[in-house]
Amino acid sequence: MKIAIPTADGKLCAHFGHCESFTFAEIDEITKEIKTIEERIPEEGISCQSAAWIAEQGAQIVLAGGMGGRPLQMFANCGVNVITGCSEENIEIVLKAFLDQNLAKISTSIQVSAVLNFSSRFFIL
């Protein structure tokens, strides 16, 4: 599974449209280990149009702070699940909290745009 996180200064960016780049993490769904982490910037720059680019990069999930209705709808149209309300933490901390099903412990108000089901087990946030 591939996760995308809007990033600024090595941390999750509080607002999707204000990030400097996107961090992509490849996760082993069975072991829940992080296989790779890399930062990328779309050639056309960052905007709500980045949703299609993120989907093209293979991301199935976006972990974000805040996000407006338009990018949320664009992600839904691309089949990408979005979790908003994540705190501005170091990328590795956010990923670990997600993988340990503890996002609510480091976030204020988690909102899930779709039911997440990996390896036939539901993630409980």
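**Close-up views of a predicted model**

**Figure 1. The salt bridge between Asp100 and Lys96.** In this predicted model, Asp100 and Lys96 are joined by a salt bridge whose closest N and O atoms lie 2.6 Å apart. Asp100 has a relative accessible area of 39% and is therefore partly exposed, as the value falls between the limits of 20% and 50%. By the rule applied here, the salt bridges number two; the other view of such a contact is given in Figure 2.

**Figure 2. The salt bridge between Arg40 and Glu38.** The closest N and O atoms of Arg40 and Glu38 are 2.5 Å apart. Which of the burial classes does Arg40 belong to? With a relative accessible area of 18%, Arg40 is buried, because the limit for that class is under 20%. Its partner Glu38 counts as partly exposed, at 38% relative accessibility.

**Figure 3. Helix H3 and its two ends.** Helix H3 covers residues 91-99. Its buried residues are Ile91, Val94, Leu95, Ala97, Phe98 and Leu99. At the N-terminal end, Asn90 acts as the cap of H3, with a side-chain oxygen 2.8 Å from the backbone nitrogen of Glu92. After H3 comes Gln101, which has a positive phi, near 60°.

**Figure 4. The aromatic cluster of Phe16, Phe22, Phe24, Trp53 and Phe75.** These five residues, Phe16, Phe22, Phe24, Trp53 and Phe75, form one cluster. The count of aromatic pairs in the model is four. In the pair of Phe16 and Phe22, the ring centres are 5.5 Å apart and the planes meet at 40°, so the pair is tilted. Phe16 is buried at 2% relative accessibility, and Phe22 is buried at 0%. The rings of Phe22 and Trp53 also form a tilted pair, with centres 6.0 Å apart and planes at 45°. This pair links distant parts of the chain, since Phe22 lies in strand E3 and Trp53 in helix H1, 31 residues apart. Phe22 and Trp53 are both buried.

**Figure 5. The largest nonpolar core.** This core has 18 residues. Phe22, Phe24, Ile54, Val62, Met67 and Phe75 are the residues with the most contacts inside the core. Two or more core residues come from each of strand E1 (2-8), strand E3 (21-27), helix H1 (50-56) and helix H2 (69-78). Which element gives the most to this core? That element is H1, with three residues. Apart from this core lies another, of 17 residues, which includes Ile3, Ala25, Ile61 and Val94.

**Figure 6. The surroundings of Met67.** Which residues does Met67 touch, not counting residues up to four places away in sequence? They are Phe16, Val62, Leu72, Phe75, Val82 and Thr84. Met67, Val62 and Phe75 are listed among the residues with the most contacts inside the largest nonpolar core. Phe16 and Phe75 are also members of the aromatic cluster.

**Figure 7. Thr7 in strand E1.** Is Thr7, a residue of strand E1, buried or exposed? Thr7 is buried, with a relative accessible area of 0%. Its side chain makes a polar contact of 2.7 Å with the side chain of Thr23. Leaving aside neighbours within four places in sequence, Thr7 is in contact with Cys13, Cys19, Glu20, Ser21, Phe22, Thr23, Glu39 and Ile91. Of these partners, Phe22 belongs to the aromatic cluster, and Ile91 is one of the buried residues of H3.

**Figure 8. Glu56 in helix H1 and Cys78.** Glu56 is found in helix H1 and is exposed, with a relative accessible area of 63%. The C-alpha atoms of Glu56 and Cys78 are 8.9 Å apart, and the two residues are separated by 22 places in sequence.

**Figure 9. The whole protein, for orientation of the close-up views.** The protein has three helices and nine strands, and from the N terminus on, the order of elements is β-β-β-β-α-β-α-β-α-β-β-β. Of its 125 residues, 43% count as buried. The accessible surface is about 6,400 Å², and carbon and sulfur atoms account for 48% of that area. Among contacts between residues at least 6 apart in sequence, 50% join residues at least 24 apart.

Conventions:
Residues numbered from 1 in each chain as written. Predicted model: local features only at pLDDT ≥ 70, side-chain atom pairs only at ≥ 80, totals over all residues. Heavy atoms only, no water. Core = buried A, V, L, I, M, F, W, Y, C linked by side-chain atoms within 4.5 Å. Buried < 20%, exposed > 50% of the residue type's maximum accessible area, 1.4 Å probe, protein only. Helix = DSSP H or I, 4+ residues; strand = E, 2+ residues; numbered from the N terminus. Contact = heavy atoms within 4.5 Å. Areas by Shrake-Rupley, 256 points an atom, 1.4 Å probe, with all protein chains shown as cover. Salt bridge = Lys/Arg side-chain N within 4 Å of Asp/Glu carboxyl O. Polar contact = N/O pair within 3.5 Å; in protein donor to acceptor, adjacent residues only side chain to side chain. Phe/Tyr/Trp six-rings, centres within 6.5 Å; stacked < 30°, edge-to-face > 60°.
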